[in-house]
Amino acid sequence: MSEILIKNASVCDPAQGINCEPMDICIRDGKIVERVSGNAKVIDAVGKLTMAGGFDGHTHSAGKINVGRFINPNDARKNPVPGLSGQVARTEKTRAQVGYNTPNTYAIGYRYAKLGYTTICEAAIPLLAARHTHEEFKEIPILDKMGLSLFGSNWQVMEYIRDKEPEKLAAYIAWGLKASRGYGVKIVNPGGGEAWGWGRNVTGLYDPVPNFDVTPAEILIGLAEANERLRLPHSIHVHCNNLGKPGNYATTIETMKLFEKVKPSRDRQALHVTHVQFNAYAGTSWRDFETGAPMVADYVNGADHLTFDLGQVIFGPAVTMTADGPVEYANARMLHEKWSNQDIELEDASGVVPLFYSPKSFVNAVQWAIGLELALLVKDPWKIMFTTDSPNGGSFVNYPEAFTYLMSAKRRAEVISGFSKMALDRMVLPGIDRELDFYELAVMTRSTQSKMYSRPEKGNLKVGSDADIAIYDLLPGQVDPSTEYAKVKQAFSGAAYTLKGGEIVVKDGEIEATPKGKTYWVNAKVPKSIDAAMQKDIDRKFRKYYTVSKANYMVEDSYIQKPVEIDTEGVF
Amino acid sequence: MPVIKDAVCSLCGSLCDDITVTVEDNKITKIENACILGHSKFVGMFEHDRIETPMIRKDGELVPVSYEEAIEAAAKILVNSRRILSYGWCSTSCEAVSGAIELAEETGSVIDSTANVCHGPSALAAQEKGSPSASLGEIKNRADVIVFWGCNPVHAHPRHMSRYSSFSKGFFTEKGRKGRTMVVIDVRKTDTAKLADNYVEIEQGSDLLLITALRSIVNGHEDVVPETVAGVPKAEVLELAETLKNAKFVCIFFGMGVTQSRSKYKNGDAVSSLISDLNQHTKAVMIGMRGHYNVTGFGQVATWETGFPMAIDFARGYPYYNPGETGANDLLVREEPDAAIIAAADPGAHFPQKAVRHLAKIPVIQIDPYANPTTEIADVVIPSAIVGIEAEGTAYRMDAISLRMKKLIDTRFKTDEEIVKDLTAKVRELKRGA
Ligand code: SF4
């Protein structure tokens, strides 16, 4: 029995409405408990901000990030955030580390833990390549992981939607999650991946997908209804059509509206829209490009059925990686950059392209502003998850820097002062004086995630929850984030303590222990007869069109590290 | 009599996963679906010379010892050396590769794969220009134009054309070979070329010229192309460019004829650029024809664990990468290593003489199921189980799709994975003692 007592912590736990109040936290055997014995190890947290462990709900940390590493060996040497990037030699406790945007697996685990993060969700698992994702998961230390499986351009999905077979569609989703050991349904540029199979794209919600006689809108609604039928813990997770294109805010709002009629089957949103910064662009071309954040925020403020994440841009080098194949080709051509592409038979397409966000580029400056505008214009932080869509908008190691933008108008003004007049004319950020407090920051980095992924044991400090805890060397009330942002950034960059499952993994910003994390996956139950009918259809797919057998497609148990199976019972 | 279905063939980079194997009395008695190469691998393990037992060289002779003794001797070599080369690891599982990387990190070694002498330049090309690719099923289901450039699948990947490319039938390609145009570009009329609709014979080492000419034409500058390019008349080059541009879906499969001929990685860089250009007109992708069944896997594992796909030097405690300086042959030609660990590869047969000569001078640890020329210069020989037959583990197909290799029969041999684990443990023990 291992016991820890965190004494006199200054606790910020929005799930319980606790706003920076002094409290003790008791831990036994990895869980938060009411009380501990006198033998408990004591952590003196006087004067230290204490929150649940951070939960990054949308990051690219396994799978196609390996293509990013492969084509960018230069990234391995980059060190723009000392202590959290670049090359670090192995020690007795840690493996060797390299990289900035595309760190090696060990570095990902250590660096998230140093930021006080303890759970991540990899936002794109191609079904056929899922085994690879889990192999990387195994080598990412400390963190608990989950992943979202891609369904948005899948032939079987499109056929079932076209042929109006919602029950078989749900059975297929359940099977696909099991095959890939995924946690939820990811949809990227619905229909666009299939169009990209022929070098094309779809232009919006009602543009038919070549050869499949369905529209992106039908795919979205079909998958959302299947998702709710299966009572999955997470809603559908949507990367909208037209990502990265001026004027796309209209498609984004249209997509959000589509789900007003979808009833969630659990106490969570019906829709999660991801990295909205890339989808909140106004204007008609890159010439008259401007922010579309106010329109999107306006809609979100009046809507109750959705959550979203930012995809905040960080200036400097980034590596874009997305299952939106056509977007990456367009990026590569526009930026004259190297381009990697990986289309997956019958399923989806993806690409990887490095780029550089410069504050001198008016487009990049406006992109930077849009992320912050979304966070500050949307009133309810419970609708927002903070992300950089790492490493698309920038590496996660910049989270502490980005927090200072959210918490300090003065800090924003400093950055903005370097922008061109043209950039300033295209954004509304300079007129926004809202500053987030620690409570709101905790909501956006932990609490929203706990709720939106239906993981009540994560992202909060309730009795019974996992003892995943971050303690920062910072006392709310004594440090003023709106002016002392350097202190804020420093404290968030290296937690005084990070506890993962009740074990101290970081102390004074350094790695103390490297336990293995858990892998969450969803096993959705489907009636046997429906499953059998669906299996017949996919047997044919495997026989005729796939290049691997169905038996070899399923990710085997041995790849799932410390599996946590989440069972759901579908409604049929 | 157990019949195992959907077994994965651990010979070439095609990684066919539809092999049916019958096992009787722990012996494979029947193999269905494998090609002649795959078949001979499955049966070969009974017919070829297995290394029967661990061995240590004493007074010039390899003498049998136990696994424990061999591992202790190998570990001693490793802790007493300052510049170790770890090489090979491409005909074994990803799990073994992962262990090998940990051992290399522990001992400050340089670790490199057989890509050093095959598709290493393709990796460099990808670092320069990216790699627009697809899973093999995309080719099966969509490709109407297939180009084999500097490769000869008829002999090197015998089932490739029927399972994935020229002859396969898919969703948009139900006519199979009849609905496809097959182009072969090579310096000699190989057996693959004999099957092509269009065989383009180019002069040795002039691939880059032809790729550049094709790019010029695809991009609308045919006027700059001379009357012959790479020994090919301009009219033929124009026709080839038209075939590519007018396709619905093109895949260029490229082999060592491209990566190891003159201009090396620049060829791959140019192919990648050509693919990017072609996508202005049609859909196009490229796939390297990887030889060893898991050379792709080495690159994948090394990349996620160290940031780099090959030629990784741990001397500084963190991974350092500079192929040309840190490749296996670079080190050996400079006579730098003072010990080597060679697994699942045969540099004795495949490396340049100068490199082999240096290998012969230093202590060499070999891990392999079979005796080969490297055994002749090895000082510690550790036999291992054959992955995909006697041991399970992960392998990556040439298109980076991973598959679980099955264990079909029992064996008395340790797996590569176990051997590196034991070796790492022993090295740590000896270091602590020191
Ligand atoms: S083509 Fe390659 S993988 Fe397939 S059976 Fe033959 S040797 Fe084995």
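1. A good place to start is a pair in chain B: the side chains of B:R83 and B:D313 form a salt bridge, 3.0 Å from N to O. The two residues come from distant parts of the chain, 230 residues apart, with B:R83 in the loop between α2 (67-79) and β6 (84-88) of chain B and B:D313 in strand β16 (residues 312-313) of chain B. B:R83 counts as buried because its relative accessibility of 16% falls under the 20% cut-off. B:D313 is buried as well, at 2%. Please keep in mind that this is a predicted model.

2. For contrast, have a look at a pair in chain A. A:R229 and A:E167 meet in a salt bridge, with 3.8 Å between N and O. A:R229 sits in helix α7 (residues 216-229) and A:E167 in helix α5 (residues 166-180), so this contact ties together parts of chain A that are 62 residues apart in sequence. Here the side chains are partly exposed: A:R229 has a relative accessibility of 23%, and A:E167 has 33%.

3. Over all chains, the structure holds 63 salt bridges. Some of them join up into a network in chain A, made of A:K31, A:D144, A:K458, A:D466, A:D468, A:K500 and A:K518. As a general reminder, side chains of opposite charge can pair when their charged atoms come close.

4. Now to the interface. In chain A, 56 residues are in contact with 67 residues of chain B. The two chains bury about 5100 Å² between them, and 51% of that area is on carbon and sulfur atoms. The interface of chain A and chain B also has 43 residue pairs in polar contact. On the side of chain A that touches chain B, the elements that each supply at least two residues include α1 (65-71), α2 (105-114), α10 (325-335) and β16 (340-344). By class, that side of chain A has 24 nonpolar, 16 polar and 16 charged residues.

5. Which salt bridges cross between the chains? The rule finds 7 across the interface of chain A and chain B. One of them joins A:R95 to B:E102, with the closest N and O atoms 3.8 Å apart. Another links B:K283 and A:D343, whose closest N and O atoms are 2.6 Å apart. That pair runs from strand β15 (residues 283-288) of chain B to strand β16 of chain A, and both B:K283 and A:D343 are buried.

6. Strand β16 of chain A deserves a second look. It pairs in the parallel sense with strand β8 (residues 132-134) of chain B, over 3 bridges. In that pairing, A:N341 has B:P132 as its bridge partner.

7. Within chain A, strand β14 (residues 306-309) is covered on both faces: A:L306 and A:F308 are buried on one side, A:T307 and A:D309 on the other. Strand β11 (residues 271-273) runs parallel to β14 and is joined to it by 3 bridges, with A:V273 partnered by A:F308. Strand β18 (residues 384-385) of chain A is also parallel to β14, with 2 bridges, and there A:F308 partners A:I384.

8. Chain B has a strand to set beside it, β19 (residues 364-367): B:V364 and B:Q366 point one way, B:I365 and B:I367 the other, and all are buried. Strand β18 (residues 339-343) of chain B pairs with β19 in the parallel sense over 4 bridges, where B:I342 partners B:Q366. Strand β20 (residues 380-382) of chain B is parallel to β19 too, joined by 3 bridges, with B:V380 as the bridge partner of B:I365.

Terms used
Residues numbered from 1 in each chain as written. Chains lettered and ligands numbered in written order. Predicted model: local features only at pLDDT ≥ 70, side-chain atom pairs only at ≥ 80, totals over all residues. Heavy atoms only, no water. Contact = heavy atoms within 4.5 Å. Buried area = accessible area lost by both parts, 1.4 Å probe. Salt bridge = Lys/Arg side-chain N within 4 Å of Asp/Glu carboxyl O. Polar contact = N/O pair within 3.5 Å; in protein donor to acceptor, adjacent residues only side chain to side chain. Nonpolar A, V, L, I, M, F, W, Y, C, P; charged D, E, K, R; others polar. Pairing = 2+ DSSP bridges. Buried < 20%, exposed > 50% of the residue type's maximum accessible area, 1.4 Å probe, protein only.
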